[in-house]
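Visitor: I'd like a quick walk round this protein before I go back to the bench. Could you take a few questions?

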Amino acid sequence: MDQLNFKTGMAFNYGEPAPMGPGIVRIVAPNAGPFTFKGTNTYLVGSTSLAVIDPGPDDPLHTQAILKAAGARQITHIFVTHAHRDHVDGVAALKAETGAIVCAYPRDPQATRIALEATPSGSYFVDYNFMPDQALARGDVIAGGDWALTAIHTPGHAPDHISFALEGRNVVFSGDHVMAWNTSVVAPPEGRMADYIASLEILLDRNDSMFLPGHGGRLEDPQRTVKAYLLHRRWREQAILKAIKDGAQSILQIVPEVYQGTDAKLIPAATLSVQAHVEFLIEKGLVSTAACGLTLDCRLEAV
Ligand SMILES: [Zn+2]
């Protein structure tokens with residue numbers, strides 16, 4: 001159960017639009033990395049006027065590739081799945097070139113800023129000053145020339161994360177919430193496991209035939225992947241609860257129990273993931289924590 005079958009194959013050329021279905025093309029940005037896989041996927045949707053989903057990093061070559069793919073067609077809307085820099089930093093340049101309306105779920109700037117400033121990597125990954133022109137709420141439908149996108153608020157990886165359903169097509173742009181190449185990073189305080197699980201369940205209740213993620217190749221059997229990810233997280237949660245019952249007294253003590261044989265490089269990420277699970281177990285009343293709160297060495301007890 002620990003093993004998930006990730007799909008890491010992906011045929012593409014940087015800067016070249018590749019068709020993903022009628023009226024949808026993908027351009028991969030040249031920002032490959034451990035969290036971004038081959039780079040951020042930018043999608044162009046429509047055939048008369050266009051929506052761009054996730055302009056990607058602030059890279060003039062990538063912005064030019066988007067404009068070239070659009071050709072004579074006007075880009076009327078820019079949609080952002082979440083305000084992580086690899087998705088949102090390219091918004092300003094593309095908006096300056098096109099005058100498009102920027103649509104995204106608004107973050108609570110105060111709350112996230114305070115939480116993230118306590119983490120060393122917060123402002124590195126998150127643009128907490130990003131503000132859309134048009135704030136989206138769950139269920140909002142935005143329509144353009146020959147397309148309509150419905151906002152599905154799917155927090156968990158990020159509090160502002162939105163997946164977009166392309167109306168009439170059973171296609172969802174799943175951002176960093178569900179990807180084929182790897183599971184989503186759920187790292188507190190930006191990430192929240194309770195939200196992530198609830199957001200997976202929202203997608204499980206739908207009947208889509210394809211997800212187009214923010215990184216990596218398309219998912220052709222998305223419900224199956226969502227189900228596998230839910231089972232995987234439940235399995236991990238049970239393993240963490242068992243470790244606590246067996247005597248692990250803190251997050252730091254749980255990590256080597258649950259992630260045996262894990263590469264030392266991945267331990268910081270594994271620690272954040274355990275922290276996210278422990279937060280969720282506390283919220284569910286299955287684990288209690290001593291007065292020190294939820295620090296990595298704070299004493300935990302199964303309830
Ligand atoms: Zn992200």
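**Strands, helices and domains**

Guide: Sure. Keep in mind that this is a predicted model. Let's start with a pair of strands: β5 covers residues 75-79 and β6 covers residues 101-104. The two run parallel, and the number of bridges joining them is three.

Visitor: Which residue in β6 does Ile78 stand opposite?

Guide: We've just met β6, which is joined to β5. Look across from Ile78 and the β6 residue you find is Val102.

Visitor: Which strands stand at the edges of the sheet, and why is one side of each left without a neighbour?

Guide: The sheet is open, with mixed pairing, and its order is β1-β2-β3-β4-β5-β6-β7. A strand with a single partner has one side left without a neighbour in the sheet, so the edges are β1 (18-21) and β7 (134-135).

Visitor: What angle does helix α3 make with β5?

Guide: Helix α1 (residues 60-70) lies across β2, β3, β4 and β5, at about 160° to β2. Helix α3 (residues 91-98) packs on the sheet too, touching β4, β5 and β6. Its direction relative to that of β5 is about 165°.

Visitor: How many residues of domain 2 are in contact with domain 1?

Guide: Domain 1 spans 18-229 and domain 2 spans 246-302, with 30 Å between their C-alpha centres. On the domain 1 side, six residues take part: five nonpolar, one polar and no charged. On the domain 2 side, the count is eight.

Terms used. Residues are numbered from 1 along each chain as its sequence is written. This is a predicted model: local features need pLDDT of at least 70, side-chain atom pairs count only at pLDDT 80 or more; totals for chains, interfaces and linings use all residues. Domain bounds come from an automatic or database domain assignment. Two residues are in contact if their C-beta atoms, placed from the backbone, lie within 7 Å. Ala, Val, Leu, Ile, Met, Phe, Trp, Tyr, Cys and Pro count as nonpolar, Asp, Glu, Lys and Arg as charged, and the others, Gly among them, as polar. Two strands pair if DSSP finds at least two bridges between them. Helices (H or I, at least four residues) and strands (E, at least two) are DSSP runs, numbered from the N terminus. Axes are lines fitted to C-alpha atoms, for helices over the stretch in contact, and angles run from 0 to 180 degrees between N-to-C directions.
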